[in-house]
Amino acid sequence: MTTQSATPMLHDATLSKQRRGALRGGIFGYYVDQFDIFLPIITLAPAMSYFNGAGTPPQTVALFSSLIFISTLIARPLGAAFFGHIADKTGRRLTTLVAIGGFGMATLLMALLPGFETAGHLGLALLIGLRFIGGFFLGGEYSVAIPLAMEWAPKKRPGPLSGMITSMASVANVSLGLITFILLSFIPSAGHDSAYAVWGWRIPFLLGAVLATVLFFFYRKNVHDAPGTETAVKAENPIKSLFTGVHRRSLIQIFILMTGMWILSNLSNAVLTGRLKTDAHIPDQTVSIIMTIAPLVTACAFVASGALSQKIGRRWFYRWYAVLVIVVAPLLYIATMSVGSRNVILAGVLAVLVQVTSLCVFAPVGAYLCERFPSSIRASGYGVGYSLAVIIPAFYAFYIQALGNFMPDRVAVASLICLAGILVWVGATMGPETKDVDLNDDSSFTV
């Protein structure tokens, strides 16, 4: 074989290796990202007395717990805008490494925090502050790493790849649930001075820091910016470009779509779990089993849904899925609550179907949001569009309470599911079809 004929083959082999690295990095990165997002929600709940002290009033405990949630809620859109802007100006890979290092360090420091007996409420204040910092970097990680993976995706595979990436949210949720369950099974957890409250909860946080470290070195060694992105035209001010001109309409459309999707996420995760206990009267242990099985089934359905969006198109997928959400998901939810403890197996099956019919709407989102913005503002568009829409749905409890003044609780939740489906339909209808957009060729981009 001549040198001339060997060179293209060597070049193709290198590109193929780099593509595999970027795609694996996108999948693994989203898992680590979601692992860190769910960490305080799942693993700290049984240990909050360690930070609050035995004599802290319940109202104060609830306030501090909400501040942990709110700090992340505010930080993620800010981090998405900041890192998305930097990535669009300078490149994806280096920006991703900085974001990974940032949230990994924040997670490690959280694992080392003192409790109330040692430092009073300073430990809790540091937890809230570190959660803000970690959320800032987390918002940057997924805003850059997913566009990077999508820019490396084969032209006919963005949909299935998006489904694989987003399925990692369910896998991370289950992983943390199992880790916490195992720890609580072997470590005493009653009281602020129990073994779990003092040190057991630190184990998942240390694991999160280790995962972030592994991810950092994986990206450093195996992930590169996609070919052509170094020489692509850069926006002078990506964030300004996103909020002005033709891109502003795209951002509004994405915001409407994602608002509906985040409402569905909250209802089919937090609300469904709580109502299975309080409304359907299913024992806690059984609910835990149901909510372990449901994400695993949903994760498999994510991949299938992403592939379906590649076949029929993103726009048609979202519109038809919205109809499914509007018509079927509310009925499934009401049926789940109605069956309740009278038939636990049937209630469990229905709860799984509620999650599948609600959450699989996220499957193509990685591909679709990238396809809605040209390369010059893609990371900014993805990050801001994905994260900014989190805020309004985060107050779902108030919406349910307000609707509950006029209708039964289960009907109020079902009505909110229906509203979310309508928002998804409207958002999808406002946008163009994008499945044939070439992410490495801005001439194929459609406003």
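Me: Buried means under 20% relative accessible area, exposed over 50%, and partly exposed in between, with a 1.4 Å probe and protein chains only. Which of these words fits Trp425?

Reply: The model is predicted, so local features need pLDDT of at least 70 and side-chain atom pairs pLDDT 80 or more, while totals for chains, interfaces and linings use all residues. Residues are numbered from 1 along each chain as its sequence is written, and side-chain values use heavy atoms, without hydrogens and water. Trp425 sits in helix α20 (helices are DSSP runs of H or I, at least four residues, and strands are runs of E, at least two, numbered from the N terminus). Its relative accessible area is 32%, so the word for Trp425 is partly exposed.

Me: Trp425 belongs to a nonpolar patch on the surface. What accessible area do the residues of this patch have together?

Reply: A patch takes residues with over 30% relative accessible area and no salt bridge, joining nonpolar side chains within 5 Å and like charges within 9 Å. Besides Trp425, the residues here include Leu308, Ile312, Trp316, Trp320, Val323 and Leu419. By the Shrake-Rupley method with a 1.4 Å probe, the accessible area of the patch is about 940 Å².

Me: Which elements give two or more residues to that nonpolar patch?

Reply: The patch includes Leu308, Ile312, Trp316, Trp320, Ile422 and Val426. Two or more residues come from each of the helices α13 (284–312), α14 (314–327) and α20 (409–430).

Me: How many salt bridges are counted?

Reply: A salt bridge needs a side-chain nitrogen of Lys or Arg within 4 Å of a carboxyl oxygen of Asp or Glu. One of the pairs is Asp88 with Arg92, whose closest N and O atoms are 2.8 Å apart. Another pair is Asp409 with Arg275, also with 2.8 Å between the closest N and O atoms. The count comes to 8.

Me: Asp88 and Arg92 form a salt bridge. Are these two residues buried or exposed?

Reply: The closest N and O atoms of the pair are 2.8 Å apart. Arg92 has 5% relative accessibility, which puts it under the cut-off. Asp88 falls in the same class as Arg92, and both are buried.

Me: Arg92 also pairs with Glu151. How many residues apart are Glu151 and Arg92?

Reply: The closest N and O atoms of Glu151 and Arg92 are 2.7 Å apart. Glu151 has a relative accessible area of 2% and therefore counts as buried. Glu151 is in helix α6 (residues 122–152) and Arg92 in helix α4 (residues 92–111), so this pair links distant parts of the chain, and the separation is 59 residues.

Me: Asp88, Arg92 and Glu151 are part of a network of salt bridges. Which further residue is linked in the network?

Reply: Arg92 is paired with Asp88, and Arg92 is paired with Glu151 as well. The network of salt bridges holds these three residues together with Arg378.

Me: Which two helices does the salt bridge between Asp409 and Arg275 tie together?

Reply: Asp409 is partly exposed, with a relative accessible area of 31%. Its closest N and O contact with Arg275 is 2.8 Å. The two residues are 134 residues apart in sequence, and the pair ties together helices α20 and α12.

Me: His281 is not a glycine. What is its phi?

Reply: Most residues other than glycine have a negative phi. His281 is found in the loop between α12 (245–278) and α13, and its relative accessible area of 55% makes it exposed. Its phi is positive, at about 60 degrees.

Me: How far apart in space are the C-alpha atoms of Leu183 and Tyr196?

Reply: Leu183 lies in helix α8, where the buried residues include Ala172, Val174 and Leu176. At 12% relative accessibility, Leu183 counts as buried too. Leu183 and Tyr196 are 13 residues apart in sequence, and their C-alpha atoms are separated by 7.7 Å.

Me: What distance separates the C-alpha atoms of Val365 and Leu176?

Reply: Val365 is in helix α17 (residues 365–371) and counts as buried because its relative accessibility is 1%. Leu176 is one of the buried residues of α8. The two are 189 residues apart along the chain, and their C-alpha atoms are separated by 24 Å.

Me: Where is Phe205 found?

Reply: At 0% relative accessibility, Phe205 counts as buried. Phe205 and Gly140 are 65 residues apart in sequence and 20 Å apart from C-alpha to C-alpha. The place of Phe205 is helix α10 (residues 202–222).
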